[in-house]
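The following exercises concern salt bridges and the exposure of the residues that form them. Please examine the sequence and the structure before reading the solutions.

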Amino acid sequence: MTETIARPPRFIAYVPLTDLMPAPRNPKRHELELIIASIDMHGLVEIPVVDERTQKTLHGHGRRESLIEMQARGMREPSGIVTDEDGGWLVPVLRGWASRNNAESEALAIKLNRLPGEGGWDPREFAEVLEDLATNEAELFDSLAIRADEMDKLFGQVDPETLPGGGREDEPPLLHLPDDGERGDDLSPDDEGRTPHTTCPACGHTFSSSR
């Protein structure tokens with residue numbers, strides 16, 4: 001059941017992208033091309049947050065920069081964005097929170113970026129999800145842009161018997177290039193430019209990476 005609150009403490013408002021101002025200091029760096037690709041594929045899902053006291057972006061600088069770049073490139077309007085009568089993009093932002101001072105604003109900005117990743121990943125479940133995506137939705141798996149060395153490290157933390165099709169304990173996770181033969185770390189001239197990939201120790205699925 002949905003209840004309507006007359007004056008909600010948090011609310012979503014659409015504002016012109018040009019009016020969404022960055023914070024004076026933002027130490028977080030962004031892989032803009034990955035964010036742009038994600039927004040183009042899925043739309044704008046996680047919306048920016050604005051500090052009511054400063055009227056500046058508290059969280060979402062990467063999304064803000066990516067949207068500005070997307071519009072500059074003439075890319076299509078992503079889902080979640082509304083276009084005004086002049087063709088400008090209106091962006092949904094979360095409103096209603098106000099910092100007490102600049103210190104609190106910057107501290108919360110760091111927390112919003114840092115804390116979600118602090119729990120890490122459950123290696124077995126993560127490996128299962130990645131295997132399902134790589135097997136059934138290759139485009140979605142590729143969009144994750146996970147490097148082969150990261151996959152290799154992940155599989156090194158997983159008991160192969162706990163994965164679907166497990167039991168292949170005699171096969172360690174491998175990071176290699178196709179047809180590298182028995183040369184170990186020495187690559188033949190034909191190997192240059194080939195895509196690294198990792199093999200799942202349980203099912204034998206090969207995860208390729210373009211990064």
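Three exercises follow, each with a worked solution.

This is a predicted model, in which local features need pLDDT of at least 70, side-chain atom pairs count only at pLDDT 80 or more, and totals for chains, interfaces and linings use all residues. Residues are numbered from 1 along each chain as its sequence is written, and side-chain values use heavy atoms, with hydrogens and water left out.

**Exercise 1.** State how many salt bridges the rule yields.

Solution. A salt bridge requires a side-chain nitrogen of Lys or Arg within 4 Å of a carboxyl oxygen of Asp or Glu. Under this rule, the count is eleven. One network of salt bridges links Glu 33, Glu 69 and Arg 73.

**Exercise 2.** Determine which parts the salt bridge between Arg 76 and Asp 40 ties together.

Solution. First, the closest N and O atoms of Arg 76 and Asp 40 are 3.0 Å apart. Next, Arg 76 belongs to the loop between helix H2 (61-72) and strand S4 (82-83), while Asp 40 belongs to helix H1 (residues 32-42), so the pair joins parts 36 residues apart in sequence. Helices (H or I, at least four residues) and strands (E, at least two) are DSSP runs, numbered from the N terminus.

**Exercise 3.** Classify Arg 76 and Asp 40 as buried, partly exposed or exposed.

Solution. Buried means under 20% relative accessible area, exposed over 50%, and partly exposed in between (1.4 Å probe, protein chains only). Arg 76, at 56%, is exposed. Asp 40, at 27%, is partly exposed.
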